[in-house]
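Open the model in a viewer and keep the sequence panel visible. The tour goes from one selection to the next and says what is found at each stop.

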Amino acid sequence: SGRPLAPYRSIAVDPSLFALGTRLRAPALEGVRLPGGFVHDGCLVADDVGKAIRGAHVDLFAPAREAGRDLARRLPRQIVLGRDARCGASPATLFR
């Protein structure tokens, strides 16, 4: 997409559902301790698209494959995403 990716913040999305730049909140990520001591606030940004990303599936960008797998093991299989003013989201509808 040409947008810079931020580890544990950027997600790849289906652009027919989420416009690039959309800010979303994942409550399941709130308070999760990440490498380097960073505690996630639950806020994510739709910064990328992927060939395999279709529908309500998203991929979270991690700096290394093992770091991403470690995080995936600590989270529920399905994560609810929503717009939230705490993440800078407008009160517009979630889907395009």
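The stops below cover the sheet, a buried polar pair, the disulfide, the salt bridges and a loop residue.

Keep in mind throughout that this is a predicted model.

**The sheet**

Start with the strands in cartoon view. Four strands make an open sheet in the order β2-β3-β1-β4, and the pairing is mixed. Which strands stand at the edges? They are β2 (23–25) and β4, each with a single partner strand, so one side of each has no neighbour in the sheet. Strands of a sheet pair through backbone hydrogen bonds, in a parallel or an antiparallel sense.

Now step across the sheet, one pair of strands at a time.

- Select β2 and β3: the two are antiparallel and pair over three bridges. Leucine 24 is the residue to pick here, standing opposite leucine 44 in β3.
- Select β1 and β3: these strands run parallel and are joined by four bridges. Serine 10 has valine 45 as its bridge partner in β3.
- Select β1 and β4: these run antiparallel, with two bridges between them. Alanine 12 has aspartate 59 as its bridge partner in β4.

**Side chains of β1**

Show the side chains of β1 as sticks. Which way do they point? Ser10 and Ala12 point one way from the strand, Ile11 and Val13 point the other way, and all are buried.

Stay on serine 10 and add aspartate 47, which is found in strand β3. The side chains of aspartate 47 and serine 10 make a polar contact of 2.6 Å. Is aspartate 47 buried or exposed? Its relative accessible area is 7%, so aspartate 47 is buried, the cut-off for that class being under 20%.

**The disulfide**

Select the cysteines next. How many disulfides are there? The count comes to one disulfide. Cysteine 43 is joined to cysteine 87, with an S to S distance of 2.0 Å. This pair links distant parts of the chain, 44 residues apart: cysteine 43 is in strand β3 and cysteine 87 is in the segment after α1 (65–74).

Set a torsion about the S-S bond of cysteine 43 and cysteine 87. The value is about -80 degrees, and therefore the disulfide is left-handed. Colour both residues by accessibility: cysteine 43 counts as buried because its relative accessibility is 10%, and cysteine 87 counts as buried because its value is 7%.

**Salt bridges**

Side chains of opposite charge can pair when their charged atoms come close. The structure holds five salt bridges; the tour stops at some of them.

Select aspartate 41 and arginine 9. The two form a salt bridge in which the closest N and O atoms are 2.6 Å apart. This pair also links distant parts of the chain: aspartate 41 lies in the loop between β2 and β3, arginine 9 lies in the segment before β1 (10–13), and 32 residues separate them. Aspartate 41 is partly exposed at a relative accessible area of 37%, and arginine 9 is partly exposed at 22%.

Move to glutamate 30 and arginine 25. Their side chains meet in a salt bridge at 2.2 Å, N to O. Glutamate 30 counts as partly exposed because its relative accessibility is 36%, whereas arginine 25 is buried, with a relative accessible area of 15%.

Then select arginine 74 and aspartate 70, whose side chains meet in a salt bridge at 3.4 Å, N to O. Why are arginine 74 and aspartate 70 separated by about one helical turn? The reason is that they are four residues apart in helix α1. Both ends can be checked for accessibility: arginine 74 is partly exposed, with a relative accessible area of 42%, and aspartate 70 is partly exposed as well, with 32%.

**A loop residue**

Finish at lysine 51. Where does lysine 51 lie? Lysine 51 is in the loop between β3 (43–49) and β4 (59–60). With a relative accessible area of 79%, lysine 51 is exposed, the cut-off for that class being over 50%.

As a last step, set a C-alpha to C-alpha distance from lysine 51 to alanine 12. The two are 9.7 Å apart in space and 39 residues apart in sequence. Alanine 12 is one of the buried residues of β1 seen earlier, and it is the bridge partner of aspartate 59 in β4.

Key: Residues are numbered from 1 along each chain as its sequence is written. This is a predicted model: local features need pLDDT of at least 70, side-chain atom pairs count only at pLDDT 80 or more; totals for chains, interfaces and linings use all residues. Side-chain values use heavy atoms; hydrogens and water are left out. Buried means under 20% relative accessible area, exposed over 50%, partly exposed in between (1.4 Å probe, protein chains only). Two strands pair if DSSP finds at least two bridges between them. A disulfide is a pair of cysteine sulfur atoms within 2.5 Å. A salt bridge is a side-chain nitrogen of Lys or Arg within 4 Å of a carboxyl oxygen of Asp or Glu. A polar contact is a pair of N or O atoms within 3.5 Å; within protein, one must be able to donate a hydrogen and the other to accept it, and residues adjacent in sequence count only if both atoms are side-chain atoms.
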